[in-house]
Amino acid sequence: MYEPLWILAQYHQAYVTGGTSRQVDIENPSNLGQQSTGSDTVPNLKWRFSDSKTQIYPGGWVREQVDNDLPQSHDIAASQQHLRRVPFAGWGQVLFGRVLVSAVEENGRHQVTELGFGDIWYFPKDQAHTVQGLDDENEYLLAFDDGHFDSILAKSFGLPESTFDNLPKTHPYIQNSTTSAPARQRNTTGGAGELVADASYVYRTFQYTPEPAPGGAGVWWKIDTTNFSISKMIASMYVVLEPKGIRELHWHPIFEEWLYFHEGKGRATDFTGNSNSRTFDFGHGDTAVFSDNSGHYIENTSKTQTLTWVEINKVDRVDDVSLTQLLALAPADIVADLKLPLNVVEGSKKEKQVLVHGK
């Protein structure tokens with residue numbers, strides 16, 4: 001028999017009996033009262049891609065997280081897509097394998113580029129483009145704010161309709177395909193030239209040194225218009241948090257924070273004001289969203305494994321407000337009125353602490 005699960009509360013404990021999913025309970029201890037931070041007034045902020053319907057196509061599969069799944073996510077919808085060696089608007093990051101992305105902009109400039117783990121592409125709205133898997137198995141995270149696109153082929157190409165008689169009759173979302181090396185080379189010539197430098201649609205994340213993360217408990221790569229100028233509607237971060245580390249409590253004044261957890265186990269608490277808060281447990285494949293102006297932190301609950309996540313914001317540049325910095329820079333006597341010892345307030349670090357070591 002299984003060891004019994006317990007509901008832990010401040011004043012009592014009880015067995016979990018009756019209709020329950022043991023595995024889900026084990027993966028979400030905060031829902032069993034392990035954490036004191038819990039309020040019925042804070043809505044659900046978590047969605048597992050495993051709970052999304054998987055759509056199977058000839059060349060792979062896709063499962064989406066949209067506002068019907070996570071109603072609190074107003075800015076960002078996302079999908080997890082898997083391609084076998086085999087066209088979408090938005091932002092994407094390769095999670096494993098290799099993909100070939102191609103695009104043509106309105107003036108005829110174009111780009112055909114092979115991307116690997118960690119590399120990012122961004123296509124502006126209504127930009128014509130394709131994504132093709134090159135390895136036997138390939139997977140990437142795709143984020144978007146409007147996933148609808150259509151085209152009128154015959155009129156666009158100026159060819160008779162019979163030319164397209166053999167095209168798929170249903171939406172050609174993920175199809176089997178092959179692209180030879182000569183074909184790739186042919187597509188990089190002609191037109192109005194290749195998209196390069198600031199006009200490029202791709203960003204090779206791990207070719208750059210990660211941004212210093214004050215606190216010393218991890219590293220992060222920030223990708224926004226300061227270093228990837230084409231990405232004017234989506235800013236992102238790739239974060240690696242050391243075991244027992246904490247992404248300090250912070251909030252974003254004007255935009256939501258959407259997250260995809262890629263590796264490890266973590267916990268996050270969201271504070272919405274008026275003493276309302278709720279804690280969630282996260283693992284690989286989970287998504288989360290924190291509303292603008294809601295304070296939150298993320299903790300790596302493992303003693304041995306790093307916690308890795310992708311953070312996406314519908315904005316051109318990432319910024320946040322640090323609680324530690326706010327308390328350190330406010331007049332010490334005012335902060336001490338919050339019943340904090342004056343010496344603790346005066347000793348607080350005035351620089352923003354991002355990824356800090358936990359106990």
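Two strands count as paired if DSSP finds at least two bridges between them. The legends below apply that rule to a predicted model.

**View 1. An open sheet of three strands, in the order β9-β8-β11.**
Pairing in this sheet is antiparallel. Strands β9 (110–115) and β11 (128–133) form the edges. Each of these edge strands pairs on one side only. From one strand to the next, the twist averages 10 degrees.

**View 2. Strand β8 alongside β11.**
Strand β8 covers residues 99–104. Six bridges join β8 to β11, and the two run antiparallel. One residue to look for is Val101, whose bridge partner in β11 is Val131.

**View 3. The aromatic pair of Phe206 and Trp221.**
The structure holds 12 aromatic pairs. Phe206 and Trp221 make up one of them, with an edge-to-face arrangement. Their ring centres lie 4.8 Å apart, and the planes meet at 75 degrees. Planes over 60 degrees apart count as edge-to-face, so this label follows from the angle. Phe206 sits in the loop between β13 (202–203) and β14 (218–223), whereas Trp221 belongs to strand β14. The pair therefore ties together parts that are 15 residues apart in sequence. Phe206 is partly exposed, at 31% relative accessibility. Trp221 is buried, with a relative accessible area of 13%.

**View 4. The aromatic pair of Phe280 and Phe282.**
These two rings are tilted, with 35 degrees between the planes. From centre to centre, the distance is 6.3 Å. Phe280 is buried at 3% relative accessibility. Phe282 is buried too, with a relative accessible area of 3%. Both residues count as buried because the cut-off is under 20%.

**View 5. A cluster of aromatic rings.**
Ring pairs link Phe117, Phe206, Trp221 and Tyr238. Phe206 and Trp221 appear here again, as members of this cluster.

**View 6. Asp320 and its surroundings.**
Asp320 lies in the loop between β22 (307–313) and β23 (321–322). Asp320 is buried, with a relative accessible area of 13%. The side chain of Asp320 makes a polar contact with the side chain of Arg247, at 3.1 Å. Leaving aside residues up to four places away in sequence, Asp320 touches Arg247, His250, Trp251, His252 and Lys352. Arg247 thus features twice in this view: in the polar contact and among the residues that Asp320 touches.

Conventions:
Residues numbered from 1 in each chain as written. Predicted model: local features only at pLDDT ≥ 70, side-chain atom pairs only at ≥ 80, totals over all residues. Heavy atoms only, no water. Phe/Tyr/Trp six-rings, centres within 6.5 Å; stacked < 30°, edge-to-face > 60°. Helix = DSSP H or I, 4+ residues; strand = E, 2+ residues; numbered from the N terminus. Buried < 20%, exposed > 50% of the residue type's maximum accessible area, 1.4 Å probe, protein only. Polar contact = N/O pair within 3.5 Å; in protein donor to acceptor, adjacent residues only side chain to side chain. Contact = heavy atoms within 4.5 Å. Axes fitted to C-alpha atoms, helices over the stretch in contact; angles between N-to-C directions.
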